[in-house]
Amino acid sequence: MARITTALVVGYLAWWDRLRTASTGRAAGRGDRGDVPGWVMVTVMTAALVVAIATIATPALQNMFTTAINKVTGIGGSGGGG
């Protein structure tokens, strides 16, 4: 989770620096740069969605995994494994 947060912060800062550089005119004369700030923003927003979904889904996935393991091993249930 820490790596995703770090990637989000680094991506945002890179996007902000490119936006600021483009608005001050320091990057004039570089030619066709494409839509780099737009792609960085899409990447940051996608990473934020992944973090949000993972945060919400983690407890349910852990519970599902624990239940499945308990049924297979027969610990704490009538899994009949073994």
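Buried means under 20% relative accessible area, exposed means over 50%, and partly exposed lies in between. Keep these cut-offs at hand while you work through this predicted model.

**Exercise 1. Decide whether W16 is buried, exposed or partly exposed.**

Solution. Start by locating the residue: W16 lies in helix 1, which covers residues 2–24. Next, take its relative accessible area, which is 43%. The cut-offs are under 20% for buried and over 50% for exposed. W16 is therefore partly exposed. Finally, look at its company: W16 forms a nonpolar patch on the surface with V9, Y12, L13 and L19, and together they have about 480 Å² of accessible area.

**Exercise 2. Describe the protein chain as a whole: how many helices and strands are there, and what percentage of the residues count as buried?**

Solution. Begin with the helices and strands: the chain has 2 helices and 0 strands. Then turn to burial: 10% of the 82 residues count as buried. Last comes the surface, where the chain exposes about 6400 Å². Carbon and sulfur atoms supply 68% of that area.

**Exercise 3. Follow helix 2 from its first C-alpha to its last and compare its reach with the expected value.**

Solution. First, note that helix 2 spans residues 36–73, with 38 residues. At 1.5 Å a residue, 56 Å is expected. The helix reaches 51 Å, close to that value. Now look along its path: there is a kink of about 45 degrees at A57, shortly before the proline P59. Buried residues in this helix are P37, V44 and V51. After the helix comes G74, with a positive phi near 85 degrees.

**Exercise 4. Find out how far apart in space A7 and V44 are, and do likewise for V36 and R18.**

Solution. Take A7 first, which lies in helix 1. V44 belongs to helix 2. These two residues are 37 apart in sequence, and their C-alpha atoms are 8.1 Å apart in space. A7 counts as partly exposed because its relative accessibility is 47%, whereas V44 is buried.

Now the second pair. V36 is part of helix 2 and is 18 residues from R18 in sequence. From C-alpha to C-alpha, V36 and R18 are 8.2 Å apart. With 27% relative accessibility, V36 also counts as partly exposed.

Definitions and conventions: Residues are numbered from 1 along each chain as its sequence is written. This is a predicted model: local features need pLDDT of at least 70, side-chain atom pairs count only at pLDDT 80 or more; totals for chains, interfaces and linings use all residues. Side-chain values use heavy atoms; hydrogens and water are left out. Patches are made of residues with over 30% relative accessible area and no salt bridge: like charges are joined within 9 Å, nonpolar side chains (Val, Leu, Ile, Met, Phe, Trp, Tyr) within 5 Å. Accessible areas come from the Shrake-Rupley method with a 1.4 Å probe; for residues, only the protein chains shown count as cover. A salt bridge is a side-chain nitrogen of Lys or Arg within 4 Å of a carboxyl oxygen of Asp or Glu. Helices (H or I, at least four residues) and strands (E, at least two) are DSSP runs, numbered from the N terminus. Buried means under 20% relative accessible area, exposed over 50%, partly exposed in between (1.4 Å probe, protein chains only). The expected span of a helix is 1.5 Å times one less than its number of residues. The bend at a residue is the angle between axes fitted to the seven residues ending there and the seven starting there.
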